[in-house]
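This report introduces a protein structure to a reader who has not met it before. It begins with single residues and then turns to the whole.

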Amino acid sequence: MRKSTFWAIAAAGVALGGLALLLASLGRSEQAPRSLKPILGDFWAIRVAYPTMHFSPAWYREAELADARIASGVPEGTHERLLAKNAASPLGLNPAAWTFIGPRPKVFGGYGQVSGRVNALLVDPRGPDAQGRHTVLAATDGGGVWKSINCCGPDTAWYVTTDQPEIKSIAIGTLTRDPNDPDVIYAGTGDLRYGSFSFGTAGLLKSTDNGETWTVLGEEVFTPFYPPSASLGFPQYQAIGKVAIDPADSARIVVGTKTGLYFSHDGGASLAGPCYTNPHLSQRQDITALLAIRVGGVTRLYAAVGTRGNPTPVQPDLGLIGANGVYRTIMPTSGCPAPGDWTLLANGWPAGTGNGSPSGKTLGRIELAVAPSDPNRLYAMAAHTTNGNVLGVWRSDDGGDNWVQVAATANVEANGCSSSAGGGSQMWYDAHLLVDPVDPDTVYLSGVDLYRSMNGGASFQNITCGYGNGNVHVDHHAAAFLPDGAGGLDRDRLLVGTDGGVYYTQNPRFGTGGSSAANRPSFVSLNATKGAIEFYSGDISREFATSSLPGASGGAQDNGSSYARWTSGDPGATTWTVRLGGDGIYTRIEPVLEQRWYWSSQNGNLQVSTAGPNSAPQLATPQTTPAWGGDTLSFLMPYELYKHGALDQPGSGCTSASGCTFMIAGTNRVWETLAGGIPRSSWYPNSPVLTKNTLGNRSFINQLAYAVRSPRVAIAGTNDGNVWVGFDMNGGSANSAQWVNVTGGNAVLPNRPVMDVVVETLDPAQPDALVIGYAAIGGFDQNTPAQPGHVFELVCQNRCQSFLWRNLTGNLPNIPANAIAFNPKWPQQVFVGTDWGLYFTDDVRADPPVWQRFDHGLPRVMVWDLAIDRGFTALAAFTRGRGAYAWPLPDPPPSGIFADGFEGP
């Protein structure tokens, strides 16, 4: 590319004067203890609300109005050269739209085919059809509602039904069918499960055509925001946890949320609330169970307040559990029932249940189930607030007037299966109850595994053994019986929903459970076509769009780090294979020899396969004790591999013999290796601490990158609002690089989390002369009103002795920006991944740039990472809830001033 042209872009509108230093005032609530661990939920709150820790749902509504005015389009440029080269490619990427590349599904060891988390399952009671096929809906976390009309065998096919522009959240926490009209379904958005990375709500969805299309109800009522307590000040997230419908009147809908109940008497068109089951409004009011049961000509409404009870930094008031208990009222004919209209059903429960005092309590999340064969037989499962296991199971035979604790913690048995005693250790997250449709003494309890009782709840046996030799993914959230074709339910046909998707058994009552597969029910995976993986990051192999053997990798929530390779005749979405378990985080592919595939899991556990992706991973962390020198680091600790260097050129980082070997990783400082992390002793720290250190153990690097054209320059962005540029990288010894803080006192760059950074140099022969960088910023403008914006350009001259930031946000909505990339062949073309999908501009030089939404084939899902291959043939987007997508990068249009462009090696 012509140097003069790139300089013109960089210098456009630049005045190289001094920048005034402005130290932004930090809110009281962010002064966290130094010992605080960097947990995910805390990070999530900071991403949205730093530095003031304030948030308002009105900000989202305002952003929606701006987003509605943004045009949808396809980025400009020509694909002529790509189309001429891609005859050998099995992918055949579409220049006019994104191509979904999977996973569909993942293969995860003994769990078989897996997909993302399923929070709820709903079966059509009119099934099966003449061919024995059932219609089933599955609610996924971050991925929408998926539907199958040919369940439930190995050929089960799924398709998503919630990709409508008006649906702002496709995180679905619950599904409920109208008992009087099976075509009417309600889906609650958000995630009540108290998880660290939980999504908030954006309305109640209603379908009148059996889940094919949806209408959004209550957007003004069900917003993502949970008001913080006045004393604690932390923002939290609102979610719909349960929905109930009056069997006697379909117009009466009850919605359970994290802040009480809402009632509608007109099918959800209008809502009254919040309504409370008790007078203890200083306590949390999380509704974790909700049943509407018709008995004796009246509808009994049961609600459980089941707050988790174990405070976290992001949800600090979870200890306010004084209202926890089971309540009952008669379904009202209008408005809300008053607290006095509810009866606390505490006879047989621990002393002090629901009395308003949280002191000394251990009663946490509560699940309820009714026996289909006996409306007076109820079961309740409660979690232990501090231990995280099952506190107990209670049974009532008289509609809740009296209860007996039939099972204690020890009665939920591991039966020789690892990490599953008492239901596991996170029953605030894994929880569900289901009663056999014929026998009221047979009960299924969802925990880390699925447990079954055949003696009225007195004891439960582990029947999936996920941490042993079982083939069902751990962390269970849902279960449902299939219909029997005669108006009832088939007790021998059971579906379960887990963090790995949907599984099915035709013999749920078989055996005694435990570690012997011969004594357990047999399950099959139904995830072959469901693309609902929650990716944090990923990578693609060299010349991805034109290679005869392209590859991709990614790290996913609770589904490990995985990879895929495409061969001739294998286009589009395909099966990915897990190589490292746990929470998959960053993955990278060495692009020259493609022998080293890097994987990572939580808290910086970096490993590498050195003989192709199928070879056994080995540790690639620094050989220090503790790892990474004991630095402050993120749960999602980033690292990058420089992959664009010309082969066998001095200082390029890439050779024919070893491939590309220069790597950097970010804790609260930058680490570097020139040997690809092998040996582990090759790592050395190569920067000072780059954070403000205002957030204790939450002050860490969120993302870092090498310059595309030279590994001598790097950039890093921090969670507490800093950006630094590093020069003289690759020196081979500790602290040999020179880093310049270009934050400028946050006078222009907002003092909000820097979620992603990229950088480029004008001339690789003089990499420190002129540097161009981009930063994607989290949070909301309202928390830094004097420094608004989410996308910023940095122009640095002379090793950043002088630098200037320019706000490129233009018409983008005021929502967190998570990822940023530019087209190396046409640098004025920039892409930004946000909470609501991906946006692009074809001319970042414009003042202001005009952004469009690139949603052709890509749903409005959170985009968490963007990757460009060696050779610059493709852009990949990794999403939280819908897997990965790819699109061929264009050359500039012939009429453009960049017509000569530049090509990577």
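Histidine 432 counts as buried in this predicted model, with a relative accessibility of 16%, a value that falls under the 20% limit for a buried residue. Histidine 432 belongs to strand E27, which covers residues 432-435. Setting aside residues up to four places away in sequence, histidine 432 touches Glu367, Tyr444, Leu445, Ser446, His477, Ala478 and Ala479.

**Further buried positions**

Serine 601 is part of strand E40, a strand that spans 597-601. The relative accessible area of serine 601 is 8%, and the residue is buried. When neighbours within four places in sequence are left aside, the contacts of serine 601 are Leu580, Gly581, Asp583 and Ile585. Tryptophan 851 stands 250 residues from serine 601 in sequence, and the C-alpha atoms of the two are 34 Å apart in space.

Glycine 354 is located in a loop, between strand E21 (343-344) and strand E22 (363-371). This glycine is buried as well, at a relative accessible area of 7%. Its contacts, again without residues up to four places away in sequence, are His280, Gly322, Ala323, Asn324, Tyr327 and Leu344. For one of these partners, glycine 322, the separation from glycine 354 is 32 residues in sequence and 5.7 Å from C-alpha to C-alpha.

**Backbone features**

Two residues that are not glycines have a positive phi: asparagine 210, at about 60°, and glutamate 594, at about 55°. Asparagine 210 sits in the loop between strand E10 (204-207) and strand E11 (215-217). Glutamate 594 sits in the loop between strand E39 (588-589) and strand E40. Are these residues buried or exposed? Asparagine 210 is buried, with a relative accessible area of 8%, and glutamate 594 is buried with a relative accessible area of 8%.

Cis peptide bonds also occur in the backbone. One of them runs from cysteine 151 to cysteine 152, and another from isoleucine 678 to proline 679. Cysteine 152 is placed in the loop between strand E6 (144-151) and strand E7 (159-160). Proline 679 is placed in the loop between strand E47 and strand E48 (684-685). The table gives the backbone angles of these features.

| Feature | Angle |
|---|---|
| Asparagine 210, positive phi | about 60° |
| Glutamate 594, positive phi | about 55° |
| Cysteine 151 to cysteine 152, cis peptide bond | omega near 25° |
| Isoleucine 678 to proline 679, cis peptide bond | omega near 5° |

**Aromatic pairs**

The structure contains 28 aromatic pairs. One of them joins tryptophan 628 and tryptophan 671 in an edge-to-face arrangement, with 5.7 Å from centre to centre and 85° between the planes. Tryptophan 628 lies in the loop between strand E42 (618-619) and strand E43 (639-641), while tryptophan 671 lies in strand E47 (residues 670-673), so the pair ties together parts that are 43 residues apart in sequence. Both tryptophan 628 and tryptophan 671 are buried. Elsewhere, which residues do ring pairs link into a cluster? The members are Trp98, Phe831, Phe840, Phe854 and Trp887.

**The protein as a whole**

The secondary structure consists of four helices and 63 strands. The radius of gyration is 27 Å, close to the 29 Å that the globule rule gives for 905 residues, so the protein is as compact as a globular protein of that length. Along the principal axes, the C-alpha atoms fill a box of roughly 85 × 55 × 55 Å.

Of the 905 residues, 65% are buried. Histidine 432, described at the start, is a buried residue. Among contacts with a separation of 6 or more, 61% are between residues 24 or more positions apart.

The exposed surface of the protein comes to about 27600 Å², and 52% of it is supplied by carbon and sulfur atoms. As for charge, the protein has 60 positive and 73 negative charges, and the mean positions of these two sets are 3 Å apart.

Note on methods:
Residues are numbered from 1 along each chain as its sequence is written. This is a predicted model: local features need pLDDT of at least 70, side-chain atom pairs count only at pLDDT 80 or more; totals for chains, interfaces and linings use all residues. Side-chain values use heavy atoms; hydrogens and water are left out. Helices (H or I, at least four residues) and strands (E, at least two) are DSSP runs, numbered from the N terminus. The radius of gyration is taken over C-alpha atoms; the globule rule is 2.2 Å times the number of residues to the power 0.38. Buried means under 20% relative accessible area, exposed over 50%, partly exposed in between (1.4 Å probe, protein chains only). Contact means heavy atoms within 4.5 Å. Accessible areas come from the Shrake-Rupley method with a 1.4 Å probe; for residues, only the protein chains shown count as cover. Lys and Arg count as positive and Asp and Glu as negative; His and the chain ends are not counted. The place of a charge is taken as NZ of Lys, CZ of Arg, CG of Asp or CD of Glu. Rings of Phe, Tyr and Trp (its six-membered ring) pair if their centres lie within 6.5 Å; planes under 30 degrees apart count as stacked, over 60 as edge-to-face and the rest as tilted.
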